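Me: I should like to take a close look at a single part of this protein, and then to see how the surrounding architecture is arranged. Please explain it in connected prose suitable for a first-year student.

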Amino acid sequence: SKNHRPTVSNYLTTLPERIQRRKHHASTIRRPWTYIDPLDSLVLGLAPGEIGLLLAPFKRGKSLMLQWLAIAYVLQHLNVLLITLETPKSVVEDRLDSIISQVPIKVINEYPQTLARRFRRFQAMVKKQLNIYDGTQGGVSIQFVEQLLMAERDAGRLYDAVLIDYDDEIDPVVKHKDRRFEFADIYRDFRQMVSRWGLIGWTAAQTQRDTDNLKIL
């Protein structure tokens, strides 16, 4: 903007400010857990302004992992926007119901009372928002996501995290002959967006061939 003036700081003379910043941020910065103990013991959680990428072979649970993260974040008092671009909303809702109720998804229709009772308990405990946007019909770019966030803000709904399932379904703003350049634009736009909004961002990507037998990527 016209009022924005770039600033340069003198690193060698600003140590007291950095010490004070770290002292303050140590108690205020939020890095929520994934609630997967082996992962939390190995990997530091994301903070606002950062993006995370889940990698897995085809049909190995990328979408389910993002849905698990959505529940984990809500349990830690974060408002979450889950954007599904591949999996139909009805399937996402069934999976979330199964996670919350701990009733296997294959038989969840057989235990409506158990689901309703455990869901009410979950609602009373979290008191936060988990909203879903169904973008499976296409047309969703990072710029579209930011417009969606603006519309939600105008409606009084603010978020702490946005999860997009998944990267190959995100439309680039500018078409390139080489898909790699489109991904570069998408991830740069995504990181800049979460920085502007102070959000935690997650998406997922499919690995290359010959990775199915690897336990850790």
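Reply: A suitable starting point is Arg 21, which is found in helix α1, spanning residues 15-28. The model is a predicted one. With a relative accessibility of 39%, Arg 21 counts as partly exposed, because that class lies between the limits of 20% and 50%. Arg 21 and Gly 135 are 114 residues apart along the chain, and their C-alpha atoms are separated by 39 Å.

From this residue, the description turns to the sheet. Five strands form an open sheet in the order β1-β5-β4-β2-β3, and their pairing is parallel. Strands β1 (51-56) and β3 are the edges, since each of them pairs on one side only. On average, neighbouring strands of the sheet are turned by 20° against each other, direction ignored. One pairing may be followed in detail: β1 and β5 run parallel and are joined by six bridges. Within this region, Ile 51 stands opposite Gly 201 in β5.

Helices lie against these strands. Helix α7, residues 179-197, packs on the sheet and touches β1, β4 and β5. The direction of α7 makes about 160° with that of β5. Helix α4 lies across β2 and β3, and runs at about 155° to β3.

The next topic is the nonpolar interior. The largest nonpolar core has 24 residues, and among these Leu 163 and Trp 202 touch the most other members. Six elements each supply at least two residues of this core, namely α3 (62-75), β2 (80-84), α4 (89-101), α5 (112-126), β4 (161-165) and β5 (200-206). The largest share, seven residues, comes from α3. If neighbours within four places in sequence are left aside, the contacts of Leu 163 include Leu 66, Leu 69 and Ala 70. Leu 163 is also in contact with Val 80, Leu 81, Leu 82, Ile 83 and Trp 202. There is also a second, separate core of 17 residues, which includes Val 140, Leu 148, Val 162 and Phe 190.

Helix α6, residues 142-154, deserves attention as well, for it contains Glu 146. Glu 146 has a relative accessible area of 13% and is therefore buried, as the limit for that class is 20%. Apart from residues up to four places away in sequence, Glu 146 touches Met 193, Arg 196 and Trp 197.

Aromatic rings complete the picture. A search of the whole structure finds one aromatic pair. The pair consists of Tyr 133 and Phe 144, whose ring centres are 5.7 Å apart and whose planes stand at 45°, so the arrangement is tilted. Tyr 133 belongs to strand β3 (residues 130-134) and Phe 144 to helix α6, so the pair ties together parts that are eleven residues apart in sequence. Tyr 133 has 26% relative accessibility and counts as partly exposed; Phe 144, at 26%, likewise counts as partly exposed.

Two charged residues also lie over rings. Lys 62 is placed over the face of Tyr 166, at 5.7 Å from the ring centre. Arg 180 lies over the face of Phe 181, at 5.7 Å from the ring centre.

Methods: Residues are numbered from 1 along each chain as its sequence is written. This is a predicted model: local features need pLDDT of at least 70, side-chain atom pairs count only at pLDDT 80 or more; totals for chains, interfaces and linings use all residues. Side-chain values use heavy atoms; hydrogens and water are left out. Helices (H or I, at least four residues) and strands (E, at least two) are DSSP runs, numbered from the N terminus. Buried means under 20% relative accessible area, exposed over 50%, partly exposed in between (1.4 Å probe, protein chains only). Contact means heavy atoms within 4.5 Å. Rings of Phe, Tyr and Trp (its six-membered ring) pair if their centres lie within 6.5 Å; planes under 30 degrees apart count as stacked, over 60 as edge-to-face and the rest as tilted. A charge sits over a ring if NZ of Lys or CZ of Arg is within 6 Å of the ring centre and within 35 degrees of the ring normal. A nonpolar core is a set of buried Ala, Val, Leu, Ile, Met, Phe, Trp, Tyr and Cys residues joined through side-chain atoms within 4.5 Å. Two strands pair if DSSP finds at least two bridges between them. Axes are lines fitted to C-alpha atoms, for helices over the stretch in contact, and angles run from 0 to 180 degrees between N-to-C directions.
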